[in-house]
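Below are my notes on this entry, set out as numbered points. Please read them with the coordinates open.

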Amino acid sequence: GDEMLTVVRFNADGSLDLTFGGGDGIAQVEVEVGGDDLAHGIALQADGKIVQTGYSDNGELFVVRWDSDGLLDASFGTGGIVTTDILGGTDFGQSVVTQSDGKIVVAGYHNNGVSDEFAVLRYSTDGSLDTSFGGGNGYVTTPIGAGLDQAFDLAILPDGSILLVGNSSNGTDNDVAVVR
């Protein structure tokens with residue numbers, strides 16, 4: 001069956017917060033109609049909005065933003081959803097953080113048909129790719145090892161640089177890889 005993107009909010013005592021997601025504590029959306037949506041990263045913005053990243057069966061990375069009440073944020077992307085296809089490959093969103101200026105940074109990886117490469121993308125507050133990042137593309141892909149290079153987490157350092165961590169194949173096994 002179809003797997004939907006889901007966010008659940010709980011009260012401090014562990015009960016569902018019935019003010020969230022239309023009154024049942026659960027917010028859901030189908031990013032890829034008829035397919036599976038797999039969330040891997042979530043971040044809370046300073047204004048209480050919730051940002052998720054992941055990927056769909058069709059190979060597109062997605063970013064979804066919810067209002068603090070669990071409804072899709074219509075001011076972001078198309079009805080709260082942004083999908084990104086890097087150069088026609090298969091793309092995987094793994095982790096997301098928000099910068100102090102409200103821009104959204106996603107770490108993951110891009111498969112170009114031959115190998116996986118670290119990928120980092122930055123979005124403006126409206127969900128468009130930030131063309132001031134990545135030489136005008138809004139993203140950067142980085143090959144490291146023999147083919148299997150996958151970023152799974154990221155951090156924004158105090159100087160504004162971005163640190164990605166994941167694994168990289170050396171041809172025999174996977175090693176820890178860090179890129180700044």
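1. Strands here are DSSP runs of E with at least two residues, and helices are runs of H or I with at least four residues, both numbered from the N terminus. On that basis Gly166 belongs to strand S12 (residues 162-169). The model is predicted, so local features are taken at pLDDT of at least 70 and side-chain atom pairs at pLDDT 80 or more, while totals for chains, interfaces and linings use all residues. Numbering starts from 1 along each chain as its sequence is written, and side-chain values use heavy atoms, with hydrogens and water left out.

2. Overall make-up. The chain has 13 strands and zero helices. Its radius of gyration (taken over C-alpha atoms) is 17 Å, close to the 16 Å that the globule rule gives for 180 residues, so the chain is as compact as a globular protein of that length. The globule rule is 2.2 Å times the number of residues to the power 0.38. Along the principal axes, the C-alpha atoms fill a box of roughly 50 × 40 × 30 Å.

3. Burial and contacts. Of the 180 residues, 47% are buried; buried means under 20% relative accessible area, exposed over 50%, and partly exposed in between (1.4 Å probe, protein chains only). Contact means heavy atoms within 4.5 Å. Among contacts with a separation of 6 or more, 41% are between residues 24 or more positions apart. The exposed area of the chain is about 8,400 Å², and carbon and sulfur atoms supply 51% of it. Areas come from the Shrake-Rupley method with a 1.4 Å probe, and for residues only the protein chains shown count as cover.

4. Gly166. This glycine is buried, with a relative accessible area of 13%. Leaving aside neighbours within four places in sequence, Gly166 is in contact with Phe118, Gln150, Ala151, Phe152, Asp175, Val176 and Ala177. Gly166 and Gly35 are 131 residues apart in sequence, and their C-alpha atoms are 27 Å apart.

5. Nonpolar cores. A core is a set of buried Ala, Val, Leu, Ile, Met, Phe, Trp, Tyr and Cys residues joined through side-chain atoms within 4.5 Å. The largest has 14 residues, of which Leu61, Val63, Val96, Ile104, Val106, Leu121 and Tyr123 touch the most other members. Strands S5 (61-66), S8 (104-111) and S9 (116-123) each give two or more residues to this core. S9 gives the most, with three. Apart from this core lies another, of 12 residues, including Ala107, Phe118, Phe133 and Ala151.

6. Val63 and Thr53. Beyond neighbours within four places in sequence, Val63 is in contact with Val51, Gln52, Thr53, Phe76, Gly80, Ile81, Val82, Ile104, Val106 and Tyr123. Thr53 lies in strand S4 (residues 50-56) and counts as buried at 0% relative accessibility. With the same neighbours left aside, the contacts of Thr53 include Leu38, His40, Leu61, Val63, Gly93, Val96 and Val106.

7. Salt bridges. There are five salt bridges in the structure, each being a side-chain nitrogen of Lys or Arg within 4 Å of a carboxyl oxygen of Asp or Glu. In one of them, Lys49 pairs with Asp73, with the closest N and O atoms 3.0 Å apart. Lys49 is in the loop between strand S3 (37-44) and S4, and Asp73 in the loop between S5 and S6, so the pair ties together parts that are 24 residues apart in sequence. Both Lys49 and Asp73 are buried.

8. Shared partners. Arg65 also forms a salt bridge with Asp73, the closest N and O atoms being 2.7 Å apart, and Arg65 is buried. Lys49, Arg65 and Asp73 are thereby joined into one network by salt bridges that share partners. Asp130 forms a salt bridge with Arg122 at 2.8 Å between the closest N and O atoms; both residues are buried.

9. Exposed positions. Leu87, in the loop between strand S6 (81-84) and strand S7 (90-98), has a positive phi of about 55 degrees although it is not a glycine. Leu87 counts as exposed at 68% relative accessibility. Leu18 is in the loop between strand S1 (5-8) and strand S2 (26-29) and is exposed at 53%.
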